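User: Please take a close look at a single helix and the parts that surround it, going slowly enough for a first-year student to follow. I would like one connected account that I can check against the picture as I read.

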Amino acid sequence: MRLAPSDLAGRAPGRAPVVAVAAAGVGLAAASLAGGLVLAGIPATAPWVAGPVAAAADGRWGVLAVALVAGAAEEVFFRGALPRLLTGPARWVVPTAVYALVTLCTGSPALAVMALLLGPVAMWARETSGSLAGALFVHALWTLTMVGLFPAVVVRVGIAG
């Protein structure tokens with residue numbers, strides 16, 4: 001995808017094109033899918049994955065819709081509002097740490113671990129794109145992969161279900 005000169009107007013020097021944000025989102029989704037499959041295949045960590053997989057499988061479309069809306073709200077707060085209150089590295093570290101702690105309240109350690117990965121990638125996408133749209137895209141792609149695709153893959157490969 002080529003950007004027209006008008007697409008670059010107002011872009012800060014050194015900002016990567018939208019393609020880089022899309023690639024980061026795809027990379028995170030693929031890594032999450034692979035990591036989830038590994039966790040599902042290890043007896044000690046399989047329960048971390050079983051709960052979210054069962055919830056997603058029970059009402060996939062409803063769960064997916066709620067997850068997309070919740071993910072958008074998370075990005076508005078954790079990559080939009082909270083970083084504005086902070087400076088320096090704290091703009092990245094504090095929102096990611098708080099996001100992981102809040103995610104741990106879901107009862108799924110696997111989701112809290114993923115928050116530690118999703119947070120910095122979404123923040124990078126926000127900074128790179130120059131808008132919250134980058135973070136929203138990354139989170140939505142991750143959600144579509146992990147709620148929409150992951151449960152079916154886990155069952156298909158015979159790890160759970």
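Analyst: A useful place to begin is W124, which is found in helix α6, the stretch that runs over residues 109-129. Please keep in mind throughout that this is a predicted model, and that the values below are computed from it.

Before staying with that helix, it helps to see the chain around it. The chain has 161 residues, of which 32% are buried, and its secondary structure consists of seven helices and zero strands, so that reading from the N terminus the order of elements is simply α-α-α-α-α-α-α. Among the contacts with a separation of 6 or more, 66% join residues that are 24 or more positions apart. The accessible surface comes to about 8,500 Å², and 74% of that surface belongs to carbon and sulfur atoms.

Now back to W124, which counts as partly exposed because its relative accessible area, 32%, lies between the limits of 20% and 50%. This residue takes part in a nonpolar patch on the surface together with W92, V93, V94, V98 and V102, and the patch has about 460 Å² of accessible area in all. Five of the patch residues come from helix α5 (residues 90-104), which gives that helix the largest share.

A second link between these two helices is made by charged side chains. What does R91 form a salt bridge with? The partner is E127, and the closest N and O atoms of the pair are 2.9 Å apart. Since R91 lies in helix α5 and E127 in helix α6, this salt bridge ties together parts that are 36 residues apart in sequence. Is R91 buried, or is it partly exposed? R91 is partly exposed, with a relative accessible area of 22%, and E127 is likewise partly exposed, at 22%.

E127 also leads us to another part of the chain, for its C-alpha atom is 9.3 Å from that of R79, although the two positions lie 48 residues apart in sequence. R79 has a salt bridge of its own, formed with E75, in which the closest N and O atoms are 2.8 Å apart. Both E75 and R79 belong to helix α4 (residues 60-84), where they stand four residues apart, or about one turn of the helix. E75 counts as buried because its relative accessibility is 0%, which is under the limit of 20%, and R79, at 1%, counts as buried by that limit too. A search of the whole structure finds two salt bridges, so the pairs E75 with R79 and R91 with E127 complete the list.

If you follow the chain onward from α6, you arrive at helix α7 (residues 132-156), and the axes of these two helices come within 6 Å and cross at roughly 145°. On the α6 side the contact is made by L111, M114, L118, V121, A122, A125, R126 and S129, while α7 contributes L132, G134, A135, V138, H139 and W142. The handedness of the crossing of α6 and α7 is right-handed.

S129, one of those contact residues, is also placed 9.8 Å from V19, C-alpha to C-alpha, though the two are 110 residues apart in sequence. V19 is in helix α2, and V19 is partly exposed, with a relative accessible area of 39%.

Finally, look just before the start of α6, where S108 lies in the loop between α5 and α6. Is S108 buried or exposed? S108 is buried, with a relative accessible area of 5%, and once neighbours within four places in sequence are left aside, the residues in contact with S108 are W48 and P52. W48 appears again where helix α3 meets helix α2, since G36, L39 and A40 in α2 meet A46, W48 and V49 in α3. There, α2 (residues 18-41) and α3 (residues 46-58) pack at an angle of about 115° with their axes 6 Å apart, and their crossing is left-handed.

Terms used:
Residues numbered from 1 in each chain as written. Predicted model: local features only at pLDDT ≥ 70, side-chain atom pairs only at ≥ 80, totals over all residues. Heavy atoms only, no water. Patch = residues over 30% accessible without salt bridge, like charges linked within 9 Å, V, L, I, M, F, W, Y side chains within 5 Å. Areas by Shrake-Rupley, 256 points an atom, 1.4 Å probe, with all protein chains shown as cover. Salt bridge = Lys/Arg side-chain N within 4 Å of Asp/Glu carboxyl O. Buried < 20%, exposed > 50% of the residue type's maximum accessible area, 1.4 Å probe, protein only. Axes fitted to C-alpha atoms, helices over the stretch in contact; angles between N-to-C directions. Left-handed = near helix turned anticlockwise from the far one by under 90°. Contact = heavy atoms within 4.5 Å.
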